[in-house]
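Subject: A model for you to look at

Hello,

Here is the structure I promised to pass on. Please open it alongside this email, and my notes on what turned up follow below.

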Amino acid sequence: MAGGMPIIVLNQNTKRESGRKVQLGNIDAGKTVADVIRTCLGPRSMLKMLMDPMGGIVMTNDGNAILRELNVKHPAAKSMIEVARTQDEETGDGTKSVIILAGEVLSVAEQFIQQQMHPTIIIAAYRQALEDVISDLKNKIATPVDVNNKEEMMKIVKSCLGTKFISKWMDLACGIALDATSTVAIEENNKKEIDIKRYAKVEKIPGGLLEDSKVLKGVMINKDVTHPKMRRRIENPRILLLDCNMEYKKGESVTNIEISQETDFSKILKLEEEYIEKICKEVIALKPDLVITEKGVSDLAQHYLVKANISVLRRVRKSDNNRIARACGATICNRTDELKEEDIGTGCGLFEIQKIGDEYFSFITDCKNPKACTILLRGASKDVLSEVERNLQDAMNVARNVMVDPYLVPGGGASELALAQALNDRAKSITGIHQWPYRAISRALEIIPRTLIQNCGANPIRTLTAIRAKHAQPNNTTWGIDGTTGQIVDMKAFGVWEPLSVKQQVYKTAIETAILLLRIDDIVSGVKKQDALNAPSSGPAQAPQASEGPEP
């Protein structure tokens, strides 16, 4: 107030909330998002059915897939959804754990905010707890794993798939995931690179049984040869990959040609035909059996290639062409006049075209040392196949994480309980007000085992008390929850393990997100974007209508 008159600094239409109200609102938003996901954790998890306005449905219990489909308005809830996406991109697994844990870490901060404790103090304690959690996980709980031991690797992937829809076909799915991941692994400069996204493609064909799914030692694409007379089965083919047109050269921009006599027109046509004949001769000179191009192939070019007994696939995707190049050892060429013998791929054992249902599929398989593969999925319907694909992606990511960083931690909530116990013991040595938020992190970590117990219908209080007593004794870090029955079991004997990198990422992302949301103390909504301000106004500017009361 200046001289009894209120000073209006912000625009009338701007809504502003600040202080404790904002912090408590953010905590509630985080808890709400976590509650949506909570029933999806563990082997006894529920599925969510999401329907879009167009009537399309998604049925899944994959945390990231659920949150991706939700339309959320609250800014804090939006950042929680970003967390799931980060986790999915980094490790491909643990999306549900990270949301549930972030929601709980926010929830335990609520009482400190209400007790007028400053957020900076809570944040400092949280950061200290995060550092201790990461170092304890690596040094005290993690155990190294032999990547070449197939049985051990199967156990790890099974622990990831135990909570998924595909758990009924566990052995098949684990075998597919391990096979695909080890196929695309390459080692360069003492560094392992496993690019599942680009080189392990999942192809879904509805129909048939789930048991018919398999990993192809090569590539499958949804294409047929361009001419009916071309060969549809070639053993040990010589494959040539092109990235250029095998048709008339079109002008780069709008081209006009003026001709004075009709013989000029036939001369132009002749030039075009000679050009096609030239590029076909350059291709035929290398004696390939199969030519695959990303662009078009004209009828005349097909005629020359059929006469030379060469099969052609055209308009193949760039990503598919890259996979074929990795699988059969060919080089993708951009010009036909620079073709060399070493560009030909000879690593493929069999090219054949099969008709599945109504469509034709080209199989380039039996490759000698393929560094790319295709996973062929069969199943009853599109919805089933989409869910199986999501599950398989998670399984392949788990296999990749273990291959890159070969350390394991016990699953079933055992790691969280062991870390909670370690934090509790360490909190006794911390003096001052920091020890309470520090200790709250150990309470928050228990949400994972508690959720597992709740989802399978056991008694959370009794079971948690019993398992806390187990962890209070020395060298009992591997005791956790059997997610199917709710019993306390030793994970060493039970065989549920998780990759260290996934767990580390879960703790880092969850606690850092909670810290980020606790640092917000002001939300100003209705702010104009700068480019909207700079845009030239057309006609008289109209004042936006301020809406009365809460928004619908």
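Let me start at Ala 102, which counts as buried because its relative accessibility is 0%. Before going further, please keep in mind that this is a predicted model. Ala 102 sits in helix H4, and its contacts, setting aside residues up to four places away in sequence, are Met 80, Ala 510 and Ala 514. There is also a long-range pairing to look at: Ala 444 is 342 residues away along the chain, yet the C-alpha atoms of Ala 102 and Ala 444 are separated by 8.7 Å.

Helix H4, residues 95-114, is a good place to stay for a moment. The largest nonpolar core has 70 residues, and the members that touch the most others are Ile 99, Tyr 126, Leu 445, Tyr 507 and Leu 518. Helix H4 gives the largest share of this core, with eleven residues. If you centre your view on Ile 99, you will find it touching Val 33, Ala 34, Ile 37, Leu 67, Met 80, Val 83 and Ala 84, again leaving out residues up to four places away in sequence. Met 80 is thus a contact of Ile 99 and a contact of Ala 102. A second core, separate from this one, has 39 residues, among them Met 230, Val 297, Ile 310 and Cys 328.

Next, a pair of glutamines. Gln 87 belongs to helix H3, residues 75-90, and Gln 505 belongs to helix H18, residues 500-518. Are they buried or exposed? Gln 87 is buried, at 0% relative accessibility. Gln 505 comes out at 17% relative accessibility, and since buried means under 20%, Gln 505 counts as buried too. The two are in contact with each other. Beyond its neighbours within four places in sequence, Gln 87 also contacts Gly 92, Asp 93, Gly 94, Thr 95 and Val 98, as well as Val 502, Val 506 and Thr 509. From its own side, Gln 505 touches Glu 90 and Thr 91 in addition to Gln 87, not counting residues up to four places away in sequence.

Moving on to strand E16 and the loop that follows it. Thr 365 is found in strand E16 and is buried, at 11% relative accessibility. Its contacts, leaving aside neighbours within four places in sequence, are Leu 216, Lys 217, Gly 218, Cys 348, Gly 349 and Leu 350. Asn 245, by contrast, is 120 residues from Thr 365 in sequence and 26 Å from it in space, C-alpha to C-alpha.

Lys 371 is in the loop between strand E16 (359-365) and strand E17 (373-379). Its relative accessible area is 23%, so Lys 371 counts as partly exposed. Apart from neighbours within four places in sequence, Lys 371 contacts Thr 183, Val 184, Ala 185, Ile 186, Tyr 199, Arg 326 and Ala 327. Thr 181 is 190 residues from Lys 371 in sequence, with 9.8 Å between the two C-alpha atoms.

Two loop residues may interest you for their backbone. Asn 236 has a phi near 45°, a positive value in a residue other than glycine. It lies in the loop between strand E10 (233-235) and strand E11 (239-242) and is exposed, with a relative accessible area of 53%. Lys 287 has a positive phi as well, near 55°. You will find Lys 287 in the loop between helix H9 (262-284) and strand E12 (290-293), and it is exposed, at 61% relative accessible area.

Finally, the chain as a whole. Its secondary structure comes to 19 helices and 22 strands. For 552 residues the globule rule gives 24 Å, but the radius of gyration is 30 Å, well over that value, so the chain is more spread out than a compact globule. The C-alpha trace spans about 95 × 75 × 45 Å along its principal axes. Of the 552 residues, 48% count as buried. Among contacts between residues at least 6 apart in sequence, 75% join residues at least 24 apart. The accessible surface comes to about 28500 Å², with 50% of it belonging to carbon and sulfur atoms. As for charge, there are 73 positive and 71 negative side chains, and the centres of the two sets lie 3 Å apart.

Enjoy looking around!

Best wishes

Notes. Residues are numbered from 1 along each chain as its sequence is written. This is a predicted model: local features need pLDDT of at least 70, side-chain atom pairs count only at pLDDT 80 or more; totals for chains, interfaces and linings use all residues. Side-chain values use heavy atoms; hydrogens and water are left out. Helices (H or I, at least four residues) and strands (E, at least two) are DSSP runs, numbered from the N terminus. The radius of gyration is taken over C-alpha atoms; the globule rule is 2.2 Å times the number of residues to the power 0.38. Buried means under 20% relative accessible area, exposed over 50%, partly exposed in between (1.4 Å probe, protein chains only). Contact means heavy atoms within 4.5 Å. Accessible areas come from the Shrake-Rupley method with a 1.4 Å probe; for residues, only the protein chains shown count as cover. Lys and Arg count as positive and Asp and Glu as negative; His and the chain ends are not counted. The place of a charge is taken as NZ of Lys, CZ of Arg, CG of Asp or CD of Glu. A nonpolar core is a set of buried Ala, Val, Leu, Ile, Met, Phe, Trp, Tyr and Cys residues joined through side-chain atoms within 4.5 Å.
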